[in-house]
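Student: I am new to this structure and would like to go through it with you, one question at a time. Could we look at it together?

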Amino acid sequence: PGFINLFVFPEPEPRGKYTTLPVELEAMPTGWQFVGRGGFVRRGKMIESSGGIGLLYYDAKVYKDFILKLEWRCPLPRENQNFFNNSGVYIRWPQQITVKNGEKRNPADLSLEEFDTYAIKQGYEIQIDDTGYRPKEEFSGFPAEFNNPHHLTGAIYPVYFAPQLRPLSFEVPRFDANAMGDRTGSPAQAPHSKKPGKWNEFVITAQGNEFTVELNGEVVNKATDHNNAYPEEGFIGLQNHFNGYRVQFRNLRIKEL
């Protein structure tokens with residue numbers, strides 16, 4: 001079977017007035033829900049991240065093994081950076097989120113604190129950030145810096161928990177067979193993004209505990225999760241980050257394996 005389009009928009013298209021989630025969810029692609037802060041703006045047949053941090057997730061169906069294709073772009077450069085974008089593509093995001101003390105929550109029932117603390121750190125996030133910016137120490141466990149391969153576009157984002165949140169109430173991925181502790185991730189091999197305004201294509205393959213990320217025809221990540229942290233089927237999601245970190249998406253298609 002061929003690819004199924006997950007970006008099926010209701011008609012008619014908005015003209016001259018853009019709508020931000022979650023005010024009018026019906027303006028977004030059919031079957032998608034939103035949780036968290038900020039939202040997305042619909043611009044014709046594409047959507048653009050706005051504010052955040054939040055997640056637009058497809059809850060009409062869950063997926064386990066698949067090939068996911070989508071296009072994204074950074075609409076504008078900012079300051080002295082050629083790229084200034086931050087988003088992510090979530091795969092196998094759990095249908096029930098594990099929160100404090102191992103309790104389970106449906107995504108729609110999460111508090112903002114539970115979403116910020118737990119939900120965005122579950123499932124696998126394929127990173128979009130062409131600056132490779134590693135955030136401050138309280139968020140990453142390391143000093144802030146640019147061009148870090150664990151935070152670059154195509155990386156499978158590292159999970160980090162501040163000391164006060166240990167012990168963990170759920171499994172986290174472990175892409176390095178010899179990794180110790182509670183921080184893990186799979187770095188991107190090289191930047192292959194196009195200039196702002198140009199569309200990029202992700203091809204993300206998930207099969208068992210093996211993951212491949214292609215960016216514009218180049219393999220930028222090939223990883224094995226030795227913990228097999230999220231072996232069951234889950235949601236596909238698109239992340240919106242903070243104000244100013246805009247990313248646009250279109251043509252999201254999937255084929256089950």
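Student: Is Arg-43 buried, exposed or partly exposed?

Tutor: This is a predicted model, in which local features need pLDDT of at least 70 and side-chain atom pairs count only at pLDDT 80 or more, while totals for chains, interfaces and linings use all residues. Residues are numbered from 1 along each chain as its sequence is written, and side-chain values use heavy atoms, with hydrogens and water left out. Buried means under 20% relative accessible area, exposed over 50% and partly exposed in between, with a 1.4 Å probe and protein chains only. Because its relative accessible area is 24%, Arg-43 is partly exposed.

Student: Which side chain meets Arg-43 in a salt bridge with an N to O distance of 3.0 Å?

Tutor: A salt bridge is a side-chain nitrogen of Lys or Arg within 4 Å of a carboxyl oxygen of Asp or Glu. The partner counts as buried because its relative accessibility is 3%. At 3.0 Å, N to O, the side chain that meets Arg-43 is that of Glu-48.

Student: How many residues apart in sequence are the parts that Asp-65 and Arg-92 tie together?

Tutor: The side chains of Asp-65 and Arg-92 meet in a salt bridge at 2.9 Å, N to O. Asp-65 lies in the loop between β5 (54-63) and β6 (66-73), and Arg-92 lies in strand β7 (residues 87-93), where strands (E, at least two residues) and helices (H or I, at least four) are DSSP runs numbered from the N terminus. The pair therefore ties together parts whose separation in sequence is 27 residues.

Student: Which residue joins Arg-43 and Glu-48 in one network of salt bridges?

Tutor: The structure holds 10 salt bridges. Some of them share partners, and such bridges join Arg-43 and Glu-48 into one network with Arg-246.

Student: In which helix does the salt-bridge partner of Arg-37 lie?

Tutor: Arg-37 forms a salt bridge with Asp-116, the closest N and O atoms being 2.3 Å apart. The pair links distant parts of the chain, 79 residues apart, with Arg-37 in the loop between β2 (32-36) and β3 (39-43) and Asp-116 in helix α1.

Student: How many buried residues are there, as a percentage of the 257 residues in the chain?

Tutor: The chain has two helices and 17 strands. Among the residues that count as buried are Asp-65 and Arg-92. Of the 257 residues in the chain, the buried share is 51%.
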